[in-house]
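Subject: Structure for you to look at

Hello,

Here is the structure I promised to pass on. Please open it alongside this note; my findings follow below.

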Amino acid sequence: MEPDTCVVVPTIRNPDCVRAYVENAREHGHDDRLYFLLVTEEFCDTDRMERLLEELGVPGAAVDGPAREEWLHEQGVGEYSHLIPEASHAQTSFGLLYLWAEGFDYGVFLDDDTAPHDTDFFGRHYDNLARTGAVTHVRSDERWVNVLYQNVEEHGLYPRGYPYSAMGETVETTTEPVDRVVASQGLWTNVPDLDAVRILMDGDLQGQATTLTSRGDYDEEFVAAPGQYLTVCSMNLAFRREVVPAFYQLPMDDNEWGVGRFDDIWSGVVLKRAADLLGDAVLTGYPLCEHNKAPRSTFDDLASEAPALELNEHVWRIVDDAGAGATTYAEAAAAMAEALVRAADRDYRNAEFLGLVGEYTLDWLDCLDALAPLPAREPAAADD
């Protein structure tokens, strides 16, 4: 069986994290579906990473900066190398380009400081993507869903990227059907995914948290209802190929404004708006991973986040007005990109960065089209 799933792991510290995921996949009979793409840097030992994959008996590759440049030129899209920022977690976008060009049906994002729980990790993601029927729908009067809402009365946590203006929300849940799931977001135990301000408020200076999460904090999968937004974290996420045009991991760190750490957050906002426009769903909850975040300066993270904290309060409203009538993820993404370009002159701190994000997203669509033509909407009958 040829692999149909590209597992993208950005790593400079712990490529050995793939051992646990391969063992889990093999135990549950999914290893023949997986191709592991390790996205790394020139100063890392890519030969050792590829030997690791060979030792584990799984197909894959380790790709550093020069290798990414070479691949882009070989594919005839070298002019789009600016889409992949240097020394940034947003280099996961290269994994999306690779997935798109190589024809994989599914993608999985995993961070190298995570490990699967002792359940069928990949199987749960596959089941989520194939899921139809009744699912818990969550909505709030602020139009934002805290992905940690299920036990928030106990821990009081809000995840990285959740707007400060949307806190203190009133939550309502209903049970409603879903017809098609395009992304499966697994959550995390141990160190929660918080932003620097919330980490400091939690009393930690080492980029982690003093309030930890456990299995008991999560009840079931849920979706943020149509018209609602949620944070999307790329440390434990599976998705269908179809969403790649609207899932560009936005250019962070390597920009003149010093903006970082909002790549998956804002791409998740775009994805959720696009999914709503097309009548699809983003399912959140299980499978869980254990997040073993290494200590680092909370103030360094704050310095990366601070230039865009104001923008984060407004990005979702900008894209929320765009894309009506879109019939594909590419059409939805283009409309939101154009809205971001127009927002560059708004009276927000570093609003010009929104213009760059919009322009790069339009380039992203052109790059994808050059690699493999952007498809029309797939009919539901063709799904799993």
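Start with helix 4. Nine of its eleven residues are buried, so the helix is mostly covered. The buried ones are Thr92, Ser93, Phe94, Gly95, Leu96, Leu97, Tyr98, Leu99 and Trp100. After helix 4 comes glycine 103, with a positive phi near 80°. Bear in mind throughout that this is a predicted model.

Next, the residue ahead of that helix. Glutamine 91 sits in the loop that links helix 3 (65-74) and helix 4 (92-102). Is glutamine 91 buried or exposed? Its relative accessibility is 4%, and buried means under 20%, so glutamine 91 counts as buried. What does glutamine 91 touch, once neighbours within four places in sequence are set aside? Its contacts are Val39, Thr40, Glu41, Arg68, Ile84, Pro85 and Glu86.

Then helix 8. This helix covers residues 263-278, 16 in total. From first C-alpha to last it reaches 23 Å. At 1.5 Å a residue, 22 Å is expected, so the two values are close. Helix 8 is mostly covered too, with 14 of its 16 residues buried. Glycine 279 follows helix 8, and the phi of glycine 279 is positive, near 75°.

Now the whole chain. It has 13 helices and 13 strands. Its radius of gyration is 19 Å, and the globule rule gives 21 Å for 384 residues; the values are close, so the chain is as compact as a globular protein of that length. The C-alpha trace spans about 50 × 50 × 45 Å along its principal axes.

Burial and contacts come next. Of the 384 residues, 60% count as buried. Take the contacts between residues at least 6 apart in sequence: 83% of them join residues at least 24 apart.

Last, surface and charge. The accessible surface of the chain comes to about 14,700 Å². Carbon and sulfur atoms account for 45% of that surface. The chain carries 27 positive and 72 negative charges. How far apart are the mean positions of the positive and negative charges? They lie 3 Å apart.

If you look at one place, try the loop with glutamine 91, which is buried and in contact with residues including Arg68 and Glu86.

Best wishes

Methods:
Residues are numbered from 1 along each chain as its sequence is written. This is a predicted model: local features need pLDDT of at least 70, side-chain atom pairs count only at pLDDT 80 or more; totals for chains, interfaces and linings use all residues. Side-chain values use heavy atoms; hydrogens and water are left out. Helices (H or I, at least four residues) and strands (E, at least two) are DSSP runs, numbered from the N terminus. The radius of gyration is taken over C-alpha atoms; the globule rule is 2.2 Å times the number of residues to the power 0.38. Buried means under 20% relative accessible area, exposed over 50%, partly exposed in between (1.4 Å probe, protein chains only). Contact means heavy atoms within 4.5 Å. Accessible areas come from the Shrake-Rupley method with a 1.4 Å probe; for residues, only the protein chains shown count as cover. Lys and Arg count as positive and Asp and Glu as negative; His and the chain ends are not counted. The place of a charge is taken as NZ of Lys, CZ of Arg, CG of Asp or CD of Glu.
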